[in-house]
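Thanks for coming. I will keep this short and go through some strands and then a pocket.

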Amino acid sequence: MDSLLQTNRILPFSPDRVYGAFADAKIIAAWWGPDGFTNEIDVFEFTTGGRWIFTMVGPNGARYRNQNIFLELTPAEKVVIRHDGEPYFTLSIRLNPHPTGTILDWQMQFDDPSVMEAVRHIVVPANEQNLDRLTRALTNSAVS
């Protein structure tokens, strides 16, 4: 059984600008997660092997603790994040130049295919909302 969920989008920003939205704790806190969520970042070590620990706060006030490790960081090309908690997955984001901006390829590889199937109905629309929020954050910021 496949355990990969993938989302692709062409963003009207350079790969450098898109990468910058991942590299800046203040910017990522503004856009990470589905609509209506906010983020409280406790640790943000944007280096290979660095930790990213934060709490997502849902529109209803529910709190979701997240612990991640940055596995691979290639400026303007790639961000690989290990979600080190339930549900366990590795998120690989690839940025490729496009005549109108950047092709963003977002791949979530779940450790357990049955877990992926159980959360698919939440994750697929949440990923789209996440990229909508990224687009808005880049439109409204001076990320270089």
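I will start with a turn. Strands β4 and β5 make a hairpin, with 3 residues between them. In that turn, A76 has a positive phi of about 65 degrees. Bear in mind throughout that this is a predicted model.

The pairing between β4 and β5 is antiparallel and runs over 6 bridges. Here β5 covers residues 78-83. One position to look at is I69, whose bridge partner in β5 is R82.

Now the other neighbour. Strand β3, residues 51-57, pairs with β4, residues 63-74, also in the antiparallel sense, over 7 bridges. On this side, I69 in β4 stands opposite R51. So much for the pairing; what about the turn? β3 and β4 form a hairpin too, with 5 residues between them. G61 in that turn has a positive phi, about 90 degrees.

On to the pocket. How much space lies in the largest pocket? The value is about 650 Å³. It is lined by 25 residues, and M56, N66, P87, I122 and V123 are the closest to its centre.

Which elements give two or more residues to that lining? They are the three strands I have just covered, β3, β4 and β5, together with β6 (89-98), β7 (101-110) and α3 (113-139). The largest share comes from α3, with 6 residues.

As for the character of the lining, 17 of its residues are nonpolar, 6 are polar and 2 are charged.

That is what I have. I will take questions now.

Definitions and conventions:
Residues numbered from 1 in each chain as written. Predicted model: local features only at pLDDT ≥ 70, side-chain atom pairs only at ≥ 80, totals over all residues. Heavy atoms only, no water. Pairing = 2+ DSSP bridges. Helix = DSSP H or I, 4+ residues; strand = E, 2+ residues; numbered from the N terminus. 1 Å grid on protein atoms, 1.4 Å probe; cavity = no way out; pocket = protein on both sides within 12 Å on 5 of 7 lines; lining within 4 Å. Points joined across faces, edges and corners; volume = space filled by probe spheres on them. Nonpolar A, V, L, I, M, F, W, Y, C, P; charged D, E, K, R; others polar.
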